[in-house]
Amino acid sequence: MFGLANYITVELFLWKLNKLKNINKQLGLKLKTDSLTGILNRRAFDEDIKSLEHNGHYSLIFIDIDNFREFNNRFGHDVGDSVLVTVGQTIMECVRTTDRVYRYGGEEIVLLLRDCNKTNALKMAEKIRLKVSRLDNGSYPRITVSLGVSSYPDDGQIIHDLIVSTDQALLRAKKSGKNCTISC
């Protein structure tokens, strides 16, 4: 009888432990996921860049939705949210399974492409830009994006330098008339 009671107690404990582990895993995922778009968030990006190795190649792509404020101001935040979700889904359809997509803030999305040199990152960026520009947005204005691209080790030796370079490339794309891709 004593052995059966111990067995049941241990089984119940293990069941509760597994349940708690699953809940913690779900909470951890929620902490790293943008609730609107379903893509990773800035917190996940900040954690992922800490583990980047300094061998091989990797690239960053910063993506900004052109005239996004206009969608919110003219048509309401529901339409702006819909644009964000649609662009996020479109980007996810374009990337490799090893690539990471993050909502960096507002309407800005960042891609971390491991084992990807600048040439391939530029091809990826153009693929995304073209696919987004061809989206059917119904009666609302056409959606376009501007993109900035940088790569390690070509454009910087530390991640902070790469982030700055990518952001500067994105700003040049915006100043160049939008709906374009610029690299460092």
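Contact here means heavy atoms within 4.5 Å. Helices (H or I, at least four residues) and strands (E, at least two) are DSSP runs, numbered from the N terminus.

This is a predicted model, in which local features need pLDDT of at least 70, side-chain atom pairs count only at pLDDT 80 or more, and totals for chains, interfaces and linings use all residues. Residues are numbered from 1 along each chain as its sequence is written, and side-chain values use heavy atoms, with hydrogens and water left out.

**Colour by confidence.** pLDDT is the predictor's confidence in each residue, from 0 to 100. The protein chain has a mean of 91, and 93% of its residues reach 70 or more. Among the elements, helix 1 (residues 2–31) has the lowest mean pLDDT, 72, and helix 5 (residues 118–133) the highest, 98. Where pLDDT is low, the predicted coordinates should not be read in detail.

**Select the sheet.** Six strands form an open, mixed sheet in the order 1-3-4-2-5-6. Strand 1 (40–41) and strand 6 (181–183) are at the edges with a single partner strand each, so one side of each has no neighbour in the sheet. Two strands count as paired if DSSP finds at least two bridges between them.

Now keep strand 2 (residues 58–65) and strand 5 (residues 145–152), which pair in the antiparallel sense over eight bridges. Phe62 stands opposite Gly148 in strand 5. Add helix 5, which packs on the sheet and touches strand 2, strand 4 (108–114), strand 5 and strand 6. The direction of helix 5 makes about 165° with that of strand 5; such angles run from 0 to 180 degrees between N-to-C directions, with axes as lines fitted to C-alpha atoms, for helices over the stretch in contact. Helix 6 (residues 159–175) also packs on the sheet, at about 150° to strand 5.

**Stay on strand 5.** Eight of its eight residues are buried (under 20% relative accessible area; exposed is over 50%, partly exposed in between; 1.4 Å probe, protein chains only). Val145, Leu147, Val149 and Ser151 lie on one side, and Ser146, Gly148, Ser150 and Tyr152 on the other. Strand 5 runs parallel to strand 6, joined by three bridges, and Leu147 stands opposite Thr181 in strand 6.

**Select Asp66.** This residue is in the loop between strand 2 and helix 3 and is buried, with a relative accessible area of 2%. Leaving aside neighbours within four places in sequence, its contacts include Phe71, Thr144, Lys174 and Lys178. The C-alpha atoms of Asp66 and Gly177 are separated by 9.7 Å, although these positions lie 111 residues apart along the chain count.

**Move to helix 3 (residues 68–75).** Phe68, Phe71 and Asn72 are buried. They cover an arc of only 90° around the axis, so they are on the same side of helix 3; the arc is that of the directions from the helix axis to the C-beta atoms. Arg69, Asn73 and Arg74, on the other side, are exposed. Strand 2 and helix 4 (77–94) are among what covers the buried residues. Gly76 follows helix 3 and has a positive phi, near 100°.

**Finish with the cores.** A nonpolar core is a set of buried Ala, Val, Leu, Ile, Met, Phe, Trp, Tyr and Cys residues joined through side-chain atoms within 4.5 Å. The largest has 27 residues, and Ile61, Ile63, Val87, Ile91, Leu111 and Ile128 have the most contacts inside it. Helix 4 gives the most to this core, with six residues. Apart from it lies another core, of 17 residues, among them Leu40, Ala44, Phe45 and Leu52.
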